[in-house]
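Reader: I have a model open here and would like to know how its descriptions are earned. Could you take me through them?

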Amino acid sequence: MPLSLYNTLTRSLQPFTPADPAHITFYSCGPTVYDDAHIGNFRSFLIADLLRRFLESPLCTLTTSSGAPHTGPRTVTHVMNITDVGHMTDDAEGGENGQDRMAVAGQRLAEAKKSGKLPADVSIDPRDPYAIAAYYASRFQGDARTLGLKLALEAQSKPTLMPRATQHIDGMIAVIAALISRGHAYAVGPAGQQTVYFHVPSFAPYGALSNNTLDGLRAGEGGRVNAANQSEKKHPADFLLWKSDPSHIMKWPSPWGEGYPGWHIECTVMSAASLLAPGEFARRLASPDTSPALIDLHSGGEDNIFPHHECEIAQSACAFCTTPSHNTFARHWFHGRHLMVEGQKMAKSKGNFFTARDLFAKGIEPAALRLELIRTHYRSNANFTMQGLADCQRMVDRWRRWLDSATTSGPASPAALESQARFAAAMHDDLNIALALAELNGFTSSISNPTTGDAETFRGCESTLAILSLPRPAAQTTSIAAYAPGVTPSDEIESLLAQRRDARAAKDFKKSDEIRDALAARGLAIKDIAGGKVEVSRKS
RNA sequence: GCCCAGGUGCCAGAGUGGUCUAAUGGGACGGAUUGCAAAUCCGUUAUUCGUCGGUUCGAAUCCGACCCUGGGCUCCA
């Protein structure tokens with residue numbers, strides 16, 4: 001059975017049918033770089049990565065537009081933008097509290113620098129928005145690579161796969177100009193200080209993605225509309241394409257005045273510029289054609305459905321297509337639900353806010369974090385818990401042990417091939433990851449003495465999850481101990497462990513237990529492992 | 001108020017009309033092992049699927065109403 005995926009646009013499960021099944025174009029809305037990405041951001045990106053990896057897996061079958069199955073080989077060009085334009089934080093109070101997000105990040109960095117919280121090797125000018133953006137972008141890419149985001153690994157040698165908004169301002173201006181010339185956008189205000197809006201009523205299908213109607217979208221119901229801006233729009237739903245504002249921290253010249261682009265236009269430009277064939281961006285902008293859709297797949301978090309993706313559809317369809325419609329931009333819309341933490345909404349004020357780097361610093365293994373973030377079906381709110389992370393670590397360890405035990409060469413057993421088929425069937429069913437994981441667990445538990453062929457078959461499934469291929473943080477070992485990642489060896493610990501070793505040798509178990517308790521009081525758990533060493537880890 | 005996605009056992013999370021007294025992982029409990037632990041292995045652990053009503057020979061699964069959670073209604077993955 002070919003891959004069936006939920007399409008937000010049709011609100012139904014449907015076969016994923018790319019224009020060319022051998023080469024899929026996929027755009028994911030990426031992070032803003034005013035701060036470190038948190039684990040909720042990464043869940044969204046990793047879900048997209050899971051889909052991308054499954055599409056490229058030999059186990060994946062797709063449906064072609066003629067209805068025939070397509071089994072591969074297949075490549076996916078996956079692009080993710082990095083938003084480095086300083087958008088505004090908040091204008092709920094009519095704009096008075098709105099601050100430039102990049103300026104806020106700069107203030108935060110300046111404070112961190114002052115209080116010595118920045119690593120010594122970091123020397124950036126907190127007043128330079130480009131430096132701030134570059135700083136956080138590089139940290140994001142590092143975290144993404146650590147978590148096995150294939151796109152981030154590829155982007156090391158092909159940076160155009162992760163385009164920056166600030167590098168596409170010319171394209172944005174060109175698209176805005178084209179939208180104005182076709183009657184889909186208009187500029188207001190005195191010459192040289194104009195604001196440009198997309199005119200939503202000019203695109204009848206607006207609302208198709210989020211299933212909103214213009215009437216249903218009560219202007220300002222979410223409390224985030226700037227009343228002053230509302231009055232100059234032709235329609236309350238019209239949205240910003242260009243804002244002239246010479247006081248903005250990041251600004252560019254444009255036909256409408258010096259200022260900055262709207263939030264939605266960057267994805268329209270970067271998806272088309274990165275995924276259309278070379279030269280097509282300019283050609284289609286000059287003379288739109290009737291091609292059915294620009295790209296195959298578009299993903300993002302559920303909060304992007306409205307307004308961001310709704311607006312992208314309107315802009316892209318109107319800029320590049322002669323008969324703009326709700327499905328002339330992306331063929332399939334893929335949205336992941338949000339991540340909860342310990343049953344609650346993740347929020348800095350609740351103290352349950354984690355970045356990937358926070359967790360790595362605590363000694364959490366990237367493989368365990370990746371599994372915890374992808375193990376729940378993408379259309380359910382996932383609940384991130386420390387217990388869940390521990391569960392995942394154990395699952396990863398068990399898989400590794402099983403693979404390590406596959407030393408006798410031989411072909412894959414029928415049981416292995418059956419497990420593989422069941423794994424693939426689960427993934428074809430709207431990426432039923434939880435069932436797929438259950439099949440993988442059944443795989444290892446049903447075959448107690450795996451052959452190399454069994455192990456290869458298992459790896460064939462697992463390469464879609466891409467958990468076991470992640471680098472394993474090396475334990476720091478001394479003559480007496482192996483320290484788990486996140487634990488810093490010290491002379492004190494070494495000395496206690498030596499005393500314990502001597503006490504045990506003398507069968508003074510009372511003393512050895514006291515030492516174990518003393519280490520526990522310092523938050524350290526120990527266990528005796530093979531080779532006479534002691535493994536020291538953080539107490540969970 | 002409107003639009004979307006959900007609500008399953010101690011936890012996480014599959015299952016969308018009979019094979020479900022509910023997969024899988026974890027937890028807990030018991031056993032093996034261990035000086036004791038840890039790890040590992042073996043076994044046990046829910047007549048129950050948000051609530052109420054309905055359809056059906058049969059419902060976790062379909063229908064209706066209601067309750068709750070998360071997202072959106074122009075910052076957000």
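Reader: What makes E11 and E12 a pair?

Author: Strands pair if DSSP finds at least two bridges between them, and E11 (residues 295–301) has 6 bridges with E12, in the parallel sense, so the two count as paired. Within this pairing, serine 299 sits opposite phenylalanine 334 of E12. A strand here is a DSSP run of E with at least two residues, a helix one of H or I with at least four, both numbered from the N terminus.

Reader: How is the model itself qualified?

Author: This is a predicted model, where local features need pLDDT of at least 70, side-chain atom pairs count only at pLDDT 80 or more, and totals for chains, interfaces and linings use all residues. Side-chain values use heavy atoms, without hydrogens and water, residues are numbered from 1 along each chain as its sequence is written, and chains are lettered from A and ligands numbered from 1 in the order in which they are written.

Reader: Why are strand E6 and strand E12 at the edges?

Author: The open sheet has 4 strands in the order E6-E3-E11-E12, with parallel pairing. Strand E6 (75–80) and strand E12 (330–336) each have a single partner strand, so one side of each lacks a neighbour in the sheet.

Reader: Why is chain A called as compact as a globular protein of its length?

Author: The globule rule is 2.2 Å times the number of residues to the power 0.38, and the radius of gyration is taken over C-alpha atoms. For 540 residues the rule gives 24 Å, and chain A has 26 Å, close to that, so the description holds. Chain A has 17 helices and 19 strands, and its C-alpha atoms fill a box of roughly 90 × 60 × 40 Å along the principal axes.
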